[in-house]
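Okay, my turn. Let me put the structure up on the screen, and then I'll talk you through it.

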Amino acid sequence: HQTKELITQPETTLQALKQSIDLLAPGGIVTLVMYVGHPGGAEEAQAVLAWSKTLDISRFSIGRYDSPYQQNHPPFGLKIQLQS
């Protein structure tokens, strides 16, 4: 088991996401995989989910993809699509 020395942080992740959705063409998609099992991962995921709830649902389609049968904090996916 190898320990990762570099992990993403909520502030920079949210900044990158905000910039990413500004670059989307109609129908474009941003996908994320949220790894919540490492220190800080759950907090970062919660920050991203809270931010995604602020998006205008008349402009963006948002989907969450879970693996409910896995144990030990499985990752989950998030899709943000700009409506065409």
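I'll start with the overall fold, then go to a pocket, and finish with a few side chains.

Just so everyone keeps it in mind, this is a predicted model. We've got two helices and three strands here, and if you read along the sequence, the pattern goes α-β-α-β-β. In terms of dimensions, the C-alpha atoms fill a box of roughly 45 × 30 × 20 Å along the principal axes. The protein has 84 residues, and 32% of those count as buried.

Okay, on to the pocket. I'm showing you the second largest one, with a volume of about 150 Å³. So which elements each supply at least two residues of its lining? That would be strand E1, residues 29–34, and helix H2, residues 41–52. The largest share is from E1, with three residues. If you want to click around, the lining includes Leu32, Val33 and Met34, along with Tyr35 and His38. Ile7, Thr8 and Thr13 line this pocket too, and so do Gly41 and Glu44. By character, the lining divides into five nonpolar residues, four polar and one charged.

Now, charges. How many salt bridges does a search of the whole structure find? One. It's between the side chains of Asp66 and Arg64, at 3.1 Å, N to O. As general background, side chains of opposite charge can pair when their charged atoms come close. And are the two partners buried or exposed? Somewhere in between: Asp66 counts as partly exposed because its relative accessibility is 44%, and Arg64 counts as partly exposed at 43%.

Stay on Arg64 for a second, please. Besides the contact with Asp66, Arg64 lies over the face of Phe76, at 3.9 Å from the ring centre. As for rings meeting rings, a search of the whole structure turns up zero aromatic pairs.

Last stop, Phe60. You'll find Phe60 in strand E2, which covers residues 60–65. With a relative accessible area of 5%, Phe60 is under the 20% cut-off, so we call it buried. And if you want a sense of distance, take Phe60 and Glu43: they're 17 residues apart along the chain, and their C-alpha atoms are separated by 23 Å.

So, to recap: a predicted model with the α-β-α-β-β pattern, a second largest pocket with its largest lining share from E1, and one salt bridge, Asp66 to Arg64. That's it from me.

How values were computed
Residues are numbered from 1 along each chain as its sequence is written. This is a predicted model: local features need pLDDT of at least 70, side-chain atom pairs count only at pLDDT 80 or more; totals for chains, interfaces and linings use all residues. Side-chain values use heavy atoms; hydrogens and water are left out. On a 1 Å grid over the protein atoms alone, a cavity is a set of points where a 1.4 Å probe fits but cannot get out, and a pocket is an open set with protein on both sides within 12 Å along at least five of seven lines; lining residues have an atom within 4 Å of a point. Grid points are joined across faces, edges and corners, and a volume is the space filled by probe spheres set on the points. Helices (H or I, at least four residues) and strands (E, at least two) are DSSP runs, numbered from the N terminus. Ala, Val, Leu, Ile, Met, Phe, Trp, Tyr, Cys and Pro count as nonpolar, Asp, Glu, Lys and Arg as charged, and the others, Gly among them, as polar. Rings of Phe, Tyr and Trp (its six-membered ring) pair if their centres lie within 6.5 Å; planes under 30 degrees apart count as stacked, over 60 as edge-to-face and the rest as tilted. A charge sits over a ring if NZ of Lys or CZ of Arg is within 6 Å of the ring centre and within 35 degrees of the ring normal. A salt bridge is a side-chain nitrogen of Lys or Arg within 4 Å of a carboxyl oxygen of Asp or Glu. Buried means under 20% relative accessible area, exposed over 50%, partly exposed in between (1.4 Å probe, protein chains only).
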